[in-house]
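Work through the exercises below with the sequence and the structure open beside you, and try each task before you read its solution.

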Amino acid sequence: MKTYSLEEAAKFLCVSESWLGELARGRKIKAVKPGKRWVFLEKDLVDYLDALYSLGVNTPQQGCDEEDSSWHCTNVGTRGGLALRLQTENEYAALLGLKTKS
């Protein structure tokens, strides 16, 4: 049975070592730490990927050069600040038919 170090397993999954370490510490992926280093079984890494497929998780991961990401967000707007709060208050007031202090 093939085993992987944290670095090798992160490469296998196309995720950062720190992210994989967090998953292992949080017991979200099977791993053991018999000494000072994490050890992953290839079977468990494949099972983790299979679980992501079954959950419908299909987002590009940072650090995986093989994948050409073409997704982008088209629903982008300016957020934050006093102007947004005032705009939101005016929109609610208009919907409720209330008078505002414009």
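The exercises that follow concern a predicted model, and each one is followed by a worked solution.

**Exercise 1. Find how many helices and strands the protein has, and in which order the elements run.**

Solution. Begin by counting the elements, which gives 4 helices and 2 strands. Then follow the chain from the N terminus, and the elements come in the order β-α-α-β-α-α.

**Exercise 2. Find which residues have the most contacts inside the largest nonpolar core, and which elements give two or more residues to this core.**

Solution. The first step is to look at the core itself, which has 13 residues, and those with the most contacts inside it are Ala-9, Leu-13, Leu-20, Ile-29, Phe-40 and Leu-45. The elements that supply two or more residues to this core are α1 (6–13), α2 (17–25) and α3 (42–55). As a next step, take Ala-9 and set aside its neighbours within four places in sequence; the residues it then touches are Tyr-4, Leu-20, Phe-40 and Leu-45. To end with the protein as a whole, buried residues make up 18% of its 102 residues, and of the contacts with a separation of 6 or more, 47% join residues 24 or more positions apart.

**Exercise 3. Decide whether Cys-14 is buried or exposed, and do the same for Arg-27.**

Solution. Start with the backbone: the phi of Cys-14 is positive, near 60°, and Arg-27, which is not a glycine, also has a positive phi, of about 60°. This deserves a pause, since most residues other than glycine have a negative phi. Now place the two residues: Cys-14 is in the loop between α1 and α2, while Arg-27 lies in the loop between α2 and β2 (39–41). Finally apply the cut-offs, under 20% for buried and over 50% for exposed. Cys-14 has a relative accessibility of 18%, and therefore counts as buried, whereas Arg-27 has 77%, and so counts as exposed.

**Exercise 4. Find which residues make the nonpolar surface patch of about 380 Å², and decide whether Leu-96 is buried or exposed.**

Solution. The patch is made by Leu-95, Leu-96 and Leu-98. Of these, Leu-96 can be placed in helix α4 (residues 81–96). Because its relative accessible area is 63%, Leu-96 is exposed. For the wider setting, the accessible surface of the protein comes to about 8,800 Å², and 53% of that surface belongs to carbon and sulfur atoms.

Note on methods
Residues numbered from 1 in each chain as written. Predicted model: local features only at pLDDT ≥ 70, side-chain atom pairs only at ≥ 80, totals over all residues. Heavy atoms only, no water. Patch = residues over 30% accessible without salt bridge, like charges linked within 9 Å, V, L, I, M, F, W, Y side chains within 5 Å. Areas by Shrake-Rupley, 256 points an atom, 1.4 Å probe, with all protein chains shown as cover. Salt bridge = Lys/Arg side-chain N within 4 Å of Asp/Glu carboxyl O. Buried < 20%, exposed > 50% of the residue type's maximum accessible area, 1.4 Å probe, protein only. Core = buried A, V, L, I, M, F, W, Y, C linked by side-chain atoms within 4.5 Å. Contact = heavy atoms within 4.5 Å.
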